[in-house]
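Me: I should like to work through this structure by question and answer. Please begin with the contacts of one residue and proceed from there.

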Amino acid sequence: MMAPQPVSWLADLALAAAAVAMGALSLGFLTAASDFSRNRVTAAKRLAGDELAALFVFVDPHRVARVGALLLLAVPLAVVALDGPLWSMALALVVWLGIPRVLLVWLRQRRRRRFEAQLPEAVISLAAQLRAGLSIGQALDVLAQHQPAPLGQELTLVLRRHRLGLALDAALGELPGRVRSRDAEMFIAALRIARETGAGLAEALQRLGDTLRRRRMLEDRILALTAQGRIQGLVVSLLPAVLVLALLAIEPEATGRLFSTATGGAALATVAALEVAGWLLIRRIVNIDV
């Protein structure tokens, strides 16, 4: 006797269910990709339109969003063209997505350091102008005209907001939040205390300027003394990457297994994590708060 044949409609039903599941997964993936792309475009526009503008770096937000989207698509395509493993594509995307934020932090810190370097002499100059008979508004106006960026830009913005109707104390109170500097907070606090108590504003600013100048000299001395430690941390952190590149040039077949096998990828990830932890530890040691 012939064996009973399987019911054909069960096979058709299974195929239809598999097709529906694949369609649902594809739709979910496309929806997630669309949402991710929309969020990245929004983040790029906010970065260019708000956060960079706060640093007086003016770029077209729409152009930044377009360039970011194109590069976000180009990164995985470049990895595929180079026949790289899947984990390297994920790593490249993570690195690329983190670059704008790292660049923003670097620009903000550089601007803050330049602002704090200009502030002591500017405060002493402001005290001298007050002794000459100028009002606080007039003295700030003269200071804004003669100071380079970023201090001149920030004082100009304060005076513009004051001319638009905002109280001078309120306009000055926005300054520490923009530059994120403790020195700026001390400067605004000295202005407010001297004006509220009726004390000599010029003398208070003179003492503050001298304090900020001595503090700046102390910070410069600490930076000079810890320069060797920072350079050593940088060299030690970059040494494994340089060593891997050298081994790739000398023994490409043996070293290539680090990038083509799961064990090699785990080893590279472990080394990278240890290097980052060591670099952060060295950075914490050499960063001395004054």
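Me: In this predicted model, with which residues is R108 in contact, leaving aside its neighbours within four places in sequence?
Reply: R108 has its place in helix α3. The C-alpha atom of R108 is separated by 7.0 Å from that of L55, although the two residues are 53 apart along the chain. Once the neighbours within four places in sequence are set aside, the residues in contact with R108 are E51, L55 and R180.

Me: Is R108 buried or exposed?
Reply: The cut-off for a buried residue is a relative accessible area under 20%. R108 has a relative accessibility of 18%, and therefore counts as buried.

Me: R180 is among the contacts of R108; is R180 buried or exposed?
Reply: R180 lies in the loop between α7 and α8. Its phi is positive, at about 55 degrees, although R180 is not a glycine. Exposed residues are those over 50% relative accessible area. R180 reaches 51%, so it counts as exposed.

Me: Where is F56, which has a positive phi although it is not a glycine, and how accessible is F56?
Reply: The phi of F56 is about 60 degrees. F56 has its place in the loop between α1 (8-54) and α2 (61-81). With the partly exposed class lying between 20% and 50%, F56 is partly exposed because its relative accessibility is 25%.

Me: Which peptide bond is cis?
Reply: The bond in question leads into P150, and its omega is near 5 degrees. P150 lies in the loop between α4 (136-146) and α5. The cis peptide bond is the one from A149 to P150.

Me: How many helices and how many strands does the chain have?
Reply: From the N terminus on, the elements run α-α-α-α-α-α-α-α-α-α-α-α-α. The count is therefore one of helices, and it comes to 13 helices and zero strands.

Me: What percentage of the contacts with a separation of 6 or more is made by residues 24 or more positions apart?
Reply: The chain has 290 residues, and buried residues make up 26% of them. For the contacts in the chain with a separation of 6 or more, the share from residues 24 or more positions apart is 59%.

Me: How many salt bridges are counted, and what is the distance in the one between E121 and R213?
Reply: The count comes to eleven salt bridges. E121 and R213 form one of these, within the 4 Å cut-off. That pair links distant parts of the chain, since E121 is in helix α3 (residues 86-131) and R213 is in helix α9 (residues 201-225), 92 residues apart. E121 is partly exposed at 43%, R213 is partly exposed at 32%, and their closest N and O atoms are 3.0 Å apart.

Me: Which residue meets E154 in a salt bridge?
Reply: The N to O distance in this salt bridge of E154 is 2.8 Å, and the partner is R178. The pair links distant parts of the chain, with E154 in helix α5 (residues 151-163) and R178 in helix α7 (residues 175-179), 24 residues apart. E154 is buried, because its relative accessible area is 1%. The residue asked for is R178.

Me: Which residues are linked with R215 in a network of salt bridges?
Reply: The side chains of R215 and D183 meet in a salt bridge at 2.9 Å, N to O. R215 in helix α9 and D183 in helix α8 (residues 182-197) are 32 residues apart and link distant parts of the chain. Both R215 and D183 are buried. The residues linked with R215 in the network are R112, E116, D183, R216 and E219.

Me: At which residue does α10 bend?
Reply: Helix α10 (residues 227-250) has 24 residues and should span 34 Å, which agrees with the 34 Å between its end C-alpha atoms. There is nevertheless a bend of about 35 degrees in α10, with the proline P240 following within four residues. The bend is at L239.

Me: What accessible area do L91, V95 and I99 have together?
Reply: I99 lies in helix α3. Patch members need over 30% relative accessible area, and I99 is partly exposed at 39%. L91, V95 and I99 form a nonpolar patch on the surface, and their accessible area together is about 250 Å².

Terms used
Residues numbered from 1 in each chain as written. Predicted model: local features only at pLDDT ≥ 70, side-chain atom pairs only at ≥ 80, totals over all residues. Heavy atoms only, no water. Helix = DSSP H or I, 4+ residues; strand = E, 2+ residues; numbered from the N terminus. Buried < 20%, exposed > 50% of the residue type's maximum accessible area, 1.4 Å probe, protein only. Expected span 1.5 Å × (residues − 1). Bend = angle between axes of the 7 residues up to and from the residue. Patch = residues over 30% accessible without salt bridge, like charges linked within 9 Å, V, L, I, M, F, W, Y side chains within 5 Å. Areas by Shrake-Rupley, 256 points an atom, 1.4 Å probe, with all protein chains shown as cover. Contact = heavy atoms within 4.5 Å.
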